[in-house]
Amino acid sequence: MKHPLLAEWSGPYQGVPAFDEMEDILPRLKDDLRKGMAETLAEIDAITDNTEPATFENTIVALERSGKALDRLFTYWGIWSSNMSSPEFRDIQKEMVPELSDFESKINQNKTLFARVRAVYEGAAVKSLRPDQQRLVKLVYDGFARNGAPLEGKAKERYAEIEKQLAELYTTFSNNLLADEENYVHYLTEDQLSGLPDSVIDAARAAATAAGQDGKYAILNTRSSMDPFLTFSDERELREKVWRTYYNRGDNGDQYDNNALIAEILKLRDERVALLGYDNYAQWRLEDRMAKTPEQAMDLMQAVWPAAIARVREEVADMQAIADASGAGITIEPWDYRYYAEKVRKAKYDLDSDEVKQYLQLDKLREAMFYVAGRLFRFDFTPVPEGSVPVFHPDVKVWEVTNSDTGEHIGLWYLDPFARKGKRSGAWATTYRSHTTFDGKENVLSANNSNFTKGAPGEPVLISWDDAETYFHEFGHALHYLSSNVAYPTLNGGVRDYTEFQSQLLENWLSTDEVINNYLVHYETGEPIPAELIAKIKKAATFNEGFKTTEYLASALIDMKLHTIDPEGLDVDKFERETLAALNMPKELPMRHRTPQFGHAFSGEGYSAGYYGYMWAEVLTADAAEAFEQAPGGFYDEDLAARLVEHLFAVRNAVDPAEAYRAFRGRDADVAPLMRSRGFPVPE
């Protein structure tokens, strides 16, 4: 095939990506990318060369139709970038990113194209369009207006230069972080395993064996490996080493250090938005978000911050008391927090998180998610026939999604659950194809990706309660994709401080009785989790909430402050230290994402000046959860579930999020349920 990365997808289910050919087609990436960009620009030229007056159909819809071949290529690009990275791909990526930036600038700054879009936006005919079409016109117009299209002359040239520089810096930042995650691994011997439960030991043994270190135990430089080690290991010196290795990613003063990159990124972002007339980057970023202004986002965070750090002081006092009583002779440090928090959990609630873990099997939790999707969304998940859908790694499994009432095909769900070399850390969801109807109905190809540590062959993978919540969270994103009923591609996008709401909300179903009684079963005996253990879990629901909220908010506050200051001459490490000190950040815990490893903010612009969005969305989450708690049918109330799907999932970005939430709830969200859900005092 001459251009395999651009080719129409073949096979069942309306065509699927040829993931099984990725190794063979990687050498074609550069040629196909250049070909795809040229084809897309030709499609843009066809729009601008049209001598007819600009209309919704010949301009806005024509834009929606453009770039389909390139979209297919970027599905493969996303896998190489996030799931299957290699030195070969990173070299190509580094070479091609500047060309990609030039390509995007040619579209975003196309004066004739913008004039046609503006003519539709400002024309009288727009009022006769359907509401979703009117929103599409606004989103397309804003996409141009907020990204340099109105600029002229030297300002226009400089804007394009900045875009290219930023694209290169984002790629370097991400690759530096991946290098630190891959290059730092702690290999332990049997005499260094004190305190670790069997599930952690088995996973560490399997990770070492996979790395060719038979007889040893590997603690990888990822959250899913670091977190349980710091929770259970009795070896304090090793805990400190593992902690420092993890929290120093991107900050080791070597070739992979990200501090100088961040300073340059912030300067360029500030200069770019100044060209558009904004005072700072955060002002530009939040203009089209639910929060609207940095000040409103800061008001929410600062309303919660005092309660969070006050709770940390209480948590640390409890830990210190246990350490003192045991004769440890220590003062609680960050590498002690998880370890002694676990001891406090046992002492206060008689709750052992490793005991809970015995009932949290990865496969059973997946079945639980399918059950919830069936009850709320009327979705059935059926494994596709072996070998019928290509995958990019043997770990990846695929299910067909259908409507349980009508049997209608909805799409596919891909799952890539385990950590491996070349895969970025964390958990995320994505789509390879999104639902649209404007050119005939297209199905959804959705995907979830995690970094659980793979167990020994034939052994179940056991995960923590927090990881189980994250599993449900990311599945919530997939359900959001699969629920879509929008007509146009752009309407599948999202408002960043709203898109986390749907996924956060789904976390609540993990602790429903239906899931607990049917899917949380012991991995050896098959016995359901005891009622008394569930009672302990629910009693301890807000345990350690000070830690969770403070580590998150510290990152969100730093993110917002970095994007509102003058970045000239910025020392990133110094700014982080001094800002946290001014916030009275407790010394016993770090930010969830320290600045040099803050991929949300600096590997691209998805969450830059936007990490606050998780809490903004959680205001909605807690408020909606209370609606289910109060409904006659509880969390499985059919009428409320139908409203949830109709107003908050299916519409995607075809309706303004604030309007969508009011349609679901009958009013705006209230902050009080958020404070109650965290066990914090409700502010006046």
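Two residues are in contact when heavy atoms of theirs lie within 4.5 Å. With that in hand, let us start with the whole chain and then look closer. This is a predicted model, in which local features need pLDDT of at least 70, side-chain atom pairs count only at pLDDT 80 or more, and totals for chains, interfaces and linings use all residues. Residues are numbered from 1 along each chain as its sequence is written, and side-chain values use heavy atoms, with hydrogens and water left out.

**Figure 1. The whole chain, with its 28 helices and seven strands.** Helices (H or I, at least four residues) and strands (E, at least two) are DSSP runs, numbered from the N terminus. Among contacts with a separation of 6 or more, 76% join residues 24 or more positions apart. The radius of gyration of the chain is 25 Å, which agrees with the value near 26 Å for a compact globule of 684 residues. That radius is taken over C-alpha atoms, and the globule rule is 2.2 Å times the number of residues to the power 0.38. Along the principal axes, the C-alpha atoms fill a box of roughly 85 × 60 × 60 Å. Of the 684 residues, 56% count as buried; buried means under 20% relative accessible area, exposed over 50%, and partly exposed in between (1.4 Å probe, protein chains only).

**Figure 2. Thr-550, a buried residue in helix H22 (residues 545-562).** How buried is Thr-550? Its relative accessible area is 0%. Leaving aside neighbours within four places in sequence, Thr-550 is in contact with Trp-305, Ala-308, Ile-309, Val-312, Met-585, Pro-586 and Leu-589. Ala-308 is 242 residues away from Thr-550 along the chain, yet their C-alpha atoms are separated by 5.6 Å.

**Figure 3. Leu-129, in the loop between helix H6 (111-122) and helix H7 (131-145).** Leu-129 is buried, at 17% relative accessible area. Not counting residues up to four places away in sequence, Leu-129 touches Phe-56, Gln-134 and Val-137. From C-alpha to C-alpha, Leu-129 and Phe-56 are 8.7 Å apart, with their positions 73 residues apart in sequence.

**Figure 4. Gln-597, in the loop between helix H23 (572-582) and helix H24 (599-602).** This loop residue is buried, with a relative accessible area of 3%. Which residues does Gln-597 contact, leaving aside its neighbours within four places in sequence? They are Phe-173, Leu-177, Tyr-246, Tyr-247, Asn-248 and Arg-249.

**Figure 5. Two residues with a positive phi, Tyr-13 and Arg-378.** Most residues other than glycine have a negative phi. Phi of Tyr-13 is near 55°, and phi of Arg-378 is near 60°. Tyr-13 sits in the segment before helix H1 (22-25) and counts as buried at 18% relative accessibility. Arg-378 lies in the loop between helix H17 (362-377) and strand E3 (379-383), where it is partly exposed at 35%.

**Figure 6. The second largest pocket, with a volume of about 610 Å³.** Of its 25 lining residues, the closest to the centre are Ala-207, Leu-220, Ala-419, Arg-420 and Lys-421. Helix H8 (153-183), helix H9 (198-210) and strand E7 (444-452) are the elements that give two or more residues to the lining. On a 1 Å grid over the protein atoms alone, a pocket is an open set of points where a 1.4 Å probe fits, with protein on both sides within 12 Å along at least five of seven lines; lining residues have an atom within 4 Å of a point. The volume is the space filled by probe spheres set on the points.
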